[in-house]
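Work through the exercises below with the sequence and the model at hand. Each task is followed by a worked solution.

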Amino acid sequence: MPKRKKDKNFMPMSVAGILTFSTDEAGGLKIPKWFPVLLSILTGVAIITLHLI
């Protein structure tokens, strides 16, 4: 059996656009990663407290 050459796998063009978009810096508000977690915890506590009153 003849040996096959290893083909170089190129990424499709659709994936290349997503990869470059994810590395680009977008303007706007910079929110720390812990902020949405804290906001959801506080919202849950507020809802539970309002139901108990």
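**Exercise 1.** How many helices and how many strands does the secondary structure of the chain come to?

Solution. The model is a predicted one. Its chain has two helices and zero strands. Helix α2 covers residues 34-52.

**Exercise 2.** Determine what share of the residues is buried and what the chain exposes.

Solution. Step one: the chain has 53 residues, and 0% of them count as buried. Step two: the exposed area of the chain is about 6,000 Å². Step three: carbon and sulfur atoms supply 71% of that area.

**Exercise 3.** Find the residues of the nonpolar surface patch, then place and classify leucine 39.

Solution. The patch consists of Leu29, Ile31, Trp34, Phe35, Leu38, Leu39 and Leu42. Together these residues have about 780 Å² of accessible area. Leucine 39 lies in helix α2. Its relative accessible area is 46%, and exposed requires over 50% while buried requires under 20%. Leucine 39 is therefore partly exposed.

**Exercise 4.** Describe the aromatic pair in the structure and classify its two members by exposure.

Solution. There is one aromatic pair. Tryptophan 34 and phenylalanine 35 form it, with 6.2 Å from centre to centre and 70° between the planes. An angle over 60 degrees counts as edge-to-face, and the pair of tryptophan 34 and phenylalanine 35 is edge-to-face. Tryptophan 34 has a relative accessible area of 53%, so this residue is exposed. Phenylalanine 35, at 37%, is partly exposed.

Note on methods. Residues numbered from 1 in each chain as written. Predicted model: local features only at pLDDT ≥ 70, side-chain atom pairs only at ≥ 80, totals over all residues. Heavy atoms only, no water. Helix = DSSP H or I, 4+ residues; strand = E, 2+ residues; numbered from the N terminus. Buried < 20%, exposed > 50% of the residue type's maximum accessible area, 1.4 Å probe, protein only. Areas by Shrake-Rupley, 256 points an atom, 1.4 Å probe, with all protein chains shown as cover. Patch = residues over 30% accessible without salt bridge, like charges linked within 9 Å, V, L, I, M, F, W, Y side chains within 5 Å. Salt bridge = Lys/Arg side-chain N within 4 Å of Asp/Glu carboxyl O. Phe/Tyr/Trp six-rings, centres within 6.5 Å; stacked < 30°, edge-to-face > 60°.
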